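Here's a quick briefing to read with the model open beside you. It goes through the sheets, then the way the chains meet, then a few backbone oddities.

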Number of protein chains: 2
Amino acid sequence: MKTDPISLKNITINDTFWTPFMERIRLSVIPYQWEALNDRIEGAAPSYCMRNFKIAAQLTHPELDYGVDNTLGHGGCMWQDSDTAKWIEAAAYSLIRHPDPELEKTVESAIEIICNAQQPDGYLNTFYIIKGLENRFTNLQDNHELYCFGHFLEAALAWYEATGKRTLLDAMIRYTDCVDRLFGPEKNKLQGYPGHEVAEMALAWLYRVTKDEKHLRLAQYFIDQRGQPPLYFEDEAKRSGRGMAWADSYFGLQYYQAGKPVREQFVPEGHAVRATYLYSGMADIARITGEKSLLDACNSIWDNIANRQLYITGAIGQSAYGEAFTFDYDLPNDTAYAETCAAIGLAFFAKRMASLVPKGQYGDVLERALYNGIISGMSLDGKAFFYVNPLEVHPESCLKAQPYRHVKIERQKWFGCACCPPNLARILASLGSYIHTSGEKAVFTHLFISSEATINVDGRDIRLVITGKYPWESNISITFSMNEPAGFTYGFRIPGWCDNFSVKLNGNTVSFITKDGFALIDREWHNGDSLEIDFAMPVQFVSAHPRVRENSGKVAVTRGPIVYCLEQADNGDGLYRIYCGQPNDVQFRYEEDLLEGVTTISFTGKKEKDRNEDALYRNSQETVYEDKPLRWIPYYAWANRTPGEMTVWVKK
Amino acid sequence: MKTDPISLKNITINDTFWTPFMERIRLSVIPYQWEALNDRIEGAAPSYCMRNFKIAAQLTHPELDYGVDNTLGHGGCMWQDSDTAKWIEAAAYSLIRHPDPELEKTVESAIEIICNAQQPDGYLNTFYIIKGLENRFTNLQDNHELYCFGHFLEAALAWYEATGKRTLLDAMIRYTDCVDRLFGPEKNKLQGYPGHEVAEMALAWLYRVTKDEKHLRLAQYFIDQRGQPPLYFEDEAKRSGRGMAWADSYFGLQYYQAGKPVREQFVPEGHAVRATYLYSGMADIARITGEKSLLDACNSIWDNIANRQLYITGAIGQSAYGEAFTFDYDLPNDTAYAETCAAIGLAFFAKRMASLVPKGQYGDVLERALYNGIISGMSLDGKAFFYVNPLEVHPESCLKAQPYRHVKIERQKWFGCACCPPNLARILASLGSYIHTSGEKAVFTHLFISSEATINVDGRDIRLVITGKYPWESNISITFSMNEPAGFTYGFRIPGWCDNFSVKLNGNTVSFITKDGFALIDREWHNGDSLEIDFAMPVQFVSAHPRVRENSGKVAVTRGPIVYCLEQADNGDGLYRIYCGQPNDVQFRYEEDLLEGVTTISFTGKKEKDRNEDALYRNSQETVYEDKPLRWIPYYAWANRTPGEMTVWVKK
C-alpha cells in the first residue's frame with residue numbers, strides 16, 4: 001500500500017527531545033553556515049561558496065558588481081556548490097517551522113546571485129563556469145557536476161515548498177532542461193549518469209511537482225543507464241586519458257554503484273552516501289512506476305543493510321577506505337567510518353521504503369538512525385560535528401595507529417569538505433515529514449515525536465496530536481480531531497525493540513490487529529478520540545548476531561530507541577576491560593542537568609583489574625575482577641565532555 | 001659479563017625440530033633463490049639481480065662478455081643487490097654445515113661477476129653504476145645504497161668465515177674505504193647515514209675481523225651522527241627538491257630512527273626492520289666500547305619491545321602502515337604486520353644483548369621468535385613465504401576490508417620485494433651461532449637445540465653435546481667432554497615459560513644458583529659429565545597484560561616455547577565464537593604424520609552456536625553454547641593445509 005509523507009507545512013513538532021536539536025539547527029547551524037559560505041569565519045579556511053557564485057555571475061553579467069574580483073579562480077572543492085544548495089534547503093525547511101523575514105531575505109539575496117550565474121542555456125555550476133565551460137560534463141565520474149545539479153534541484157524544490165516562490169525553481173527547471181538536452185539514449189547525447197548520486201531523487205521530486213514526463217524520464221534514464229555496458233565511466237576515463245579511480249580497490253566501479261545495472265545490484269556496495277542516495281532514487285522511481293524488478297533490487301538491498309550491515313546506532317558504511325560498505329556481518333566498532341551523511345542517506349532510503357509499503361522495519365531503522373547515529377554527528381551546542389561516528393574509541397589508537405586515523409575523538413568545528421553539517425541541518429529541519437504517512441483511508445505513524453499534524457484522509461482533514469516524553473518516557477498520547485467522524489485505518493509502528501505494549505482508546509481497551517510491525521485500528525474515528533499507548537521501556541541488553549565477529553561475547557545497553565555507551569568521563573579508562581555480568585541493580589534516571597537532559601542508566605558491572613607488573617604474558621587463565629559501578633549515557637551525547645575512551649559494546 | 005657467540009664452524013646441529021628447517025633452506029630455498037637471482041623461475045617476474053651485476057660489470061670492463069646486453073637498464077627495486085648479498089651469506093653458512101663443492105663454485109662465479117662490477121674507487125652498487133654514478137649518495141634516505149653496502153659487507157664476512165677466501169672481503173674492504181672517504185665529520189665529507197640500517201652491524205663485524213679502527217669509527221659515525229641536527233635527511237630532501245617521505249605520518253623521520261640522536265631514543269619507533277637492525281648495531285658498538293649511554297638506550301628499547309610491543313609469537317612491528325612499531329600494549333592480532341624480517345631483526349638484537357649480559361630474557365625472546373613468528377614465514381616445504389604473520393585471520397576480511405589488505409591467507413611463492421625469504425635462509429643457516437656464548441671461565445646455553453659444539457674456555461676446548469627432542473619433549477641431556485678437568489661456570493637458561501624444572505648431574509642432584517634467568521653451576525667439570533634437565537612442559541593457558549586491549553578476556557595456548565593456534569581446517573569456521581572454558585580433558589600428542597611432525601593439543605571448549613535468523617540485534621544477553629572439541633596446532637605450521645580462519649587468542 002503506497003502512502004504519502006505529510007507536507008512539512010502541515011505538521012509542527014513540539015518535542016522534548018527533538019525541539020532542542022531543531023533549535024540548534026535554526027539558531028546555530030544555519031546562521032553559522034551562512035557565515036561559512038561567505039568566508040567570514042575567523043580562523044577557518046574559506047569555503048569560497050558564495051564567492052564562486054559571485055565570480056560566476058560576473059562572468060555571465062559583466063555589468064554586475066558583487067565586490068569580488070571576477071578574475072579570481074574557483075575556490076574549494078569541485079562540489080562546493082552543493083554546500084550552498086544544502087544550506088538553502090535547510091533554511092527553507094526552517095522557515096516553514098519558524099518564519100524569519102531576515103533569513104528569508106538573506107536566502108533571496110543568495111538566490112539572486114546564484115541565478116545571475118546561470119548560463120544562457122541553463123547551465124549552472126561555478127566550477128566549470130569559472131574554469132572553462134568547454135570541459136563541462138567531461139568527468140561525470142569524479143567531478144560531482146550532476147551531484148551539485150541534484151542538490152540545487154532539491155534546494156529549489158524545498159524553497160518553492162516553503163515560500164511558493166519560483167525564481168530558483170524556474171532556474172533549476174531551465175538547468176534540468178539543459179541536462180535533459182545533453183543526456184539520454186539518443187546518439188547525439190551523452191549516455192552518462194552522476195558519479196555521485198542525488199539527482200535521481202531530486203528529479204523524482206521535481207516530477208511530483210511539475211508532472212512533466214520529461215523530468216521523470218531523465219530520472220529514469222540516470223537510473224536505468226547506470227552500469228550498462230559499455231561502462232560509461234571506463235569510456236570517459238579512456239577519452240580523457242585519466243586512470244580509473246578505485247581500479248585497484250575491492251569495489252572498482254561499484255564504488256559508484258556503476259559497475260553493473262542497478263536491477264542486478266542486490267547488496268549495497270561502494271561509497272555509502274552515494275549508495276543510499278541512489279537507492280532512495282530507485283525507491284522513488286519504483287514508487288512512481290510500480291516496476292517490480294526495481295522494487296526487488298530495493299528490497300534486497302534494504303534487507304542486506306538492515307540485517308547484515310547496520311550498526312546498532314543506525315550508522316552504515318563500515319570502511320574508511322572508500323567510505324564504503326564491506327560485507328555481511330562485518331561491523332568493526334573502532335575502525336568504523338559510519339559517516340553522518342551515510343546514516344542520513346539511510347534515513348532518506350527508509351522514508352521512501354516506508355511510503356512504498358508501511359512496514360515497521362523501515363521506521364525501526366529510521367528511528368535507530370535518527371536517535372543515535374545521525375545526531376551523534378553534532379555537538380550538543382550545535383557548533384561542532386563528526387564525519388565519522390565510531391562505536392568504540394581508544395584515543396591513543398586514534399592518535400598513533402593508522403587503521404584509526406580517520407577517527408576523531410572530538411567533534412570538529414567545520415570541515416574543508418563540509419558535507420555532514422548541512423546534511424544534518426536539512427534532515428533535522430525537515431524532521432516533520434518523517435513522522436506520518438497517509439494513504440487511501442489510512443494513516444500510519446512511524447515515529448513518536450510530539451507534534452501536531454493535519455492529515456488529509458480521503459479529502460477530509462484529520463488533526464493528529466502526539467504528546468509524550470518519548471524516548472525518555474514510555475507513554476504516548478495520540479489524539480484525533482476532525483469535523484465529522486471518519487472511517488479509516490490508523491496504524492502505529494510497534495517498535496522492533498518493544499517486547500510488550502498496551503494501548504487504550506479513550507481509556508478503554510481497543511481491538512487492533514498487528515501486521516508487518518504495525519498495530520492497525522480500523523474504525524470510525526470521532527473528534528477527540530485519544531489513544532494512550534505505553535511501550536514498555538526497560539533497560540535492555542542486546543546481543544548482535546553471532547556472526548558479527550566484533551561483537552561476539554559482547555552486549556549493548558539500550559532503552560527504547562536509545563543506544564547507550566560508556567564514556568571515560570564517567571567510568572575511567574580501560575573500558576575494554578569491563579564486563580556487564582548479570583547485574584541486579586539496573587536503574588535509569590532522567591538527569592536534567594546532564595548533557596542537555598538525558599536519561600542515564602547505571603548498574604554494577606565488573607572490571608578486570610590492571611596489573612602493575614612488567615610481564616606482557618603470564619601463565620595464568622585467572623582474571624582478577626573488581627566490582628565496577630557503571631554509568632551509561634546515550635550514545636548520541638558522547639564526546640561532549642572531556643575527550644576519552646568510549647564504547648557501545650562491552651563484554652557480557 | 002661479556003661473552004662471545006660460538007663460531008658456526010665449531011657447532012653442528014642435529015635436531016629433530018630444526019634440522020628439517022635447515023635442510024629446507026639448503027635443499028630448497030638456496031637453490032631456488034639462485035634460480036630467482038638469475039631470472040630462471042618460470043611464471044615469476046624477473047628479479048634482475050645477477051643481470052644487474054652483469055650489466056654493471058660490462059660497463060666497468062667493456063672487454064667482458066656475460067652474454068647480457070649491457071645497454072639494458074637496471075631492473076627491479078633499487079635495493080635489488082641486497083638479495084644477492086643475502087643469498088651469498090646464506091650459502092656461506094650452509095656450506096659450513098654441509099660442504100657442497102658445486103654450490104661453492106656457483107657462489108665463486110657470482111662473486112667474480114660482482115667483483116668485476118666494482119668501480120676503480122671501490123664503489124659497488126648496480127643501481128647507480130647503471131643509472132649514473134653522478135647521482136650516487138644523493139638519496140640516502142630512500143634509495144637503500146648504504147643498505148646494499150651493509151648487506152654485501154655481511155655476505156663478504158660470512159663467505160670469508162666459511163671459506164677463508166678473501167676476494168669478496170677485499171673488494172668490500174675497498175668499498176668500505178670508498179664509503180669512509182665520503183662520509184664523516186670532516187667538512188669535505190657527507191654528514192649522512194643509512195636510510196635503511198644494517199651497515200652499522202656489518203661494520204662492527206668487519207672491525208672484529210680486521211681490527212682496523214677506521215672500520216669501527218665508520219660504524220660509530222653512522223650511529224652517532226644519526227638524527228643529529230641539522231637533520232641530514234631534511235637537508236638532503238631540500239637539496240634535491242624532493243618532498244619528505246612520511247612527512248604526514250605519525251613517525252616522520254623516526255620512521256628511519258633518524259629524527260633524533262640514537263642516545264635519546266628510548267622506545268622503538270618506526271619501521272621495525274630498520275629499527276632492529278639499528279639497535280643490533282648499537283648493541284655491537286656498546287659491546288665494543290662499553291659506552292653506558294648507548295647501552296642505556298639499548299636496554300630501554302629492549303625493555304619496551306619485550307614488555308610492551310611484542311607479540312606472543314615473538315613478532316614485532318604491529319602496523320602495516322610504515323611496517324612499524326606503534327605504542328605500548330597495542331598488539332592487534334588480525335591487522336598485525338608482524339613482518340618475518342622484523343622478527344629476524346629482533347633475533348639479531350636479542351643475540352647481541354645476550355652476549356652483552358647473559359640474562360635469560362634475551363634467550364626467552366629469541367626462542368619465542370625462532371620457534372614461532374620467524375618460521376611461520378616459511379611453508380613446511382620451504383617453497384612459499386609470508387611477509388606478514390598475523391595472529392588471527394578471517395579470510396573474508398582479508399579479501400574485502402582495507403585494514404586487512406596486507407594480510408595474505410596463503411604463503412606466496414616469492415615476492416617482488418623478496419626480503420623475507422633470503423633473510424629466513426641466512427638466519428636458519430646460521431642458527432648454530434645462537435645456541436651458546438662463552439666468556440671468561442663461563443659457558444652459557446641460551447637455546448636447547450640438539451647439537452655438538454666445541455667451545456674454547458680459557459684456552460681449552462670443551463665439547464658440549466645437547467640431545468633431546470625439544471620442544472616436543474621436556475628432557476634434555478647435556479654432556480661435557482674435555483681432555484682434562486676444567487673449572488668454569490656453566491649456565492643454562494631457565495625458560496621464562498617454565499614454572500618448574502629438575503636438573504641432575506650424572507644422575508645425582510647438583511647445586512646451582514639462579515641468576516637473571518639462568519641456572520649457574522660453578523664447579524670443576526670432568527670428561528663425560530652429563531646434565532639431565534627436565535623442564536616441566538604442561539599445556540599452558542597464557543594471559544596477556546590487562547592493558548593489551550585486543551587480548552582482553554582472551555587466552556593463548558602454549559606448551560614449552562611453542563605457541564599454538566586454532567585453524568579452520570581442524571575446527572571449522574567461526575573461531576571467534578570459541579571459548580576455552582576450564583577444560584579438564586587437556587591432552588597433547590605428537591603426530592608424526594601431521595604437518596611434518598608436530599605435537600598437537602586437544603581439549604573440549606565451548607562454542608557459541610550460530611543462529612539461522614535474520615535479526616542482526618536481539619534483546620537478549622543469553623548465549624547458547626555447545627561443547628566443542630578443539631584441536632590446536634603449532635602456530636608456525638598454520639596455513640599449510642586448506643586456507644581458512646586461524647586464531648592464536650581465544651576467549652576465556
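Let's start with a small pairing in chain B: strand 1 and strand 4 (residues 436-439) run antiparallel and are joined by 2 bridges. Within that pairing, P5(B) has T437(B) in strand 4 as its bridge partner. Keep in mind that this is a predicted model. From here the briefing moves out to the sheets and then to the other chain.

**Sheets in chain B**

- Strands 1 and 4 belong to an open sheet of 6 strands, ordered 1-4-5-9-13-12, with mixed pairing.
- That sheet ends at strand 1 (4-5) on one edge and strand 12 (513-515) on the other, each of them pairing on one side only.
- A second open sheet in chain B has 7 strands in the order 2-6-7-8-14-10-11, and here the pairing is antiparallel.
- Its edge strands are strand 2 (11-13) and strand 11 (508-509), which each pair on one side only.
- Inside the 7-stranded sheet, strand 7 (residues 460-468) and strand 8 (residues 475-481) of chain B pair antiparallel over 6 bridges.
- If you want a spot to zoom in on there, L464(B) has F480(B) in strand 8 as its bridge partner.
- As a reminder, strands of a sheet pair through backbone hydrogen bonds, either parallel or antiparallel.

**A hairpin in chain B**

- Strand 19 (residues 587-591) and strand 20 (residues 598-608) of chain B pair in the antiparallel sense, with 5 bridges between them.
- E591(B) is bridged to V598(B) in strand 20.
- The two strands make a hairpin with 6 residues between them, and L595(B) in the turn shows a positive phi of about 50 degrees.

**How the two chains are related**

- Rotating chain B by 180 degrees, with 0.0 Å of shift along the axis, superposes it on chain A at an RMSD of 0.0 Å.
- The two copies are therefore related as by a two-fold rotation axis.
- Which residue of chain B comes closest to the rotation axis? That's P403(B), whose C-alpha is 3.0 Å from the axis.
- Both copies use the same surface, with 100% of the contact residues of chain B recurring in chain A.

**The interface**

- Each side brings its share to the contact: 69 residues from chain A and 69 residues from chain B.
- Together the chains bury about 6,000 Å², and 46% of that is on carbon and sulfur atoms.
- On the chain B side, R549(B), Y617(B) and Q621(B) account for 15% of the area buried against chain A, more than any other three residues.
- Strands also pair across the interface: strand 21 (residues 617-619) of chain A and strand 15 of chain B are antiparallel, with 3 bridges.
- One of the residues to look at is R618(A), whose bridge partner in strand 15 of chain B is S543(B).
- The rule finds 40 residue pairs in polar contact across the interface, both residues being at pLDDT 80 or more.
- Among the elements of chain B that each give at least two residues to the side touching chain A are helix 12 (292-308), helix 15 (395-400) and strand 15 (539-544).
- By residue type, that side of chain B splits into 26 nonpolar, 19 polar and 24 charged.

**Salt bridges**

- How many salt bridges are found across the interface of chain B and chain A? The rule gives 10.
- In one between the chains, the side chains of D610(A) and R547(B) meet at 2.8 Å, N to O.
- Over all chains, the count comes to 80 salt bridges.
- Within chain A, D121(A) and R136(A) form one, with their closest N and O atoms 2.6 Å apart.
- D121(A) lies in the loop between helix 4 (101-116) and helix 5 (126-131) and R136(A) in the loop between helix 5 and helix 6 (145-163) of chain A, so this pair ties together parts 15 residues apart in sequence.

**Backbone oddities**

- Most residues other than glycine have a negative phi, and most peptide bonds are trans.
- Y470(A) and P471(A) are joined by a cis peptide bond with omega about 5 degrees, and P471(A) sits in the loop between strand 7 (460-468) and strand 8 (475-481) of chain A.
- Another cis peptide bond links P229(B) and P230(B), with omega about -5 degrees.
- P230(B) is in the loop between helix 9 (213-225) and helix 10 (232-240) of chain B.
- W246(B) isn't a glycine, yet has a positive phi of about 65 degrees; look for W246(B) in the loop between helix 10 and helix 11 (272-289) of chain B.

Key
Residues are numbered from 1 along each chain as its sequence is written. Chains are lettered from A and ligands numbered from 1 in the order in which they are written. This is a predicted model: local features need pLDDT of at least 70, side-chain atom pairs count only at pLDDT 80 or more; totals for chains, interfaces and linings use all residues. Side-chain values use heavy atoms; hydrogens and water are left out. Contact means heavy atoms within 4.5 Å. Buried area is the accessible area (1.4 Å probe) that two parts lose on being put together, summed over both. A salt bridge is a side-chain nitrogen of Lys or Arg within 4 Å of a carboxyl oxygen of Asp or Glu. A polar contact is a pair of N or O atoms within 3.5 Å; within protein, one must be able to donate a hydrogen and the other to accept it, and residues adjacent in sequence count only if both atoms are side-chain atoms. Helices (H or I, at least four residues) and strands (E, at least two) are DSSP runs, numbered from the N terminus. Ala, Val, Leu, Ile, Met, Phe, Trp, Tyr, Cys and Pro count as nonpolar, Asp, Glu, Lys and Arg as charged, and the others, Gly among them, as polar. Two strands pair if DSSP finds at least two bridges between them. Copies are superposed by least squares on the C-alpha atoms of residues with pLDDT of at least 70 in both.
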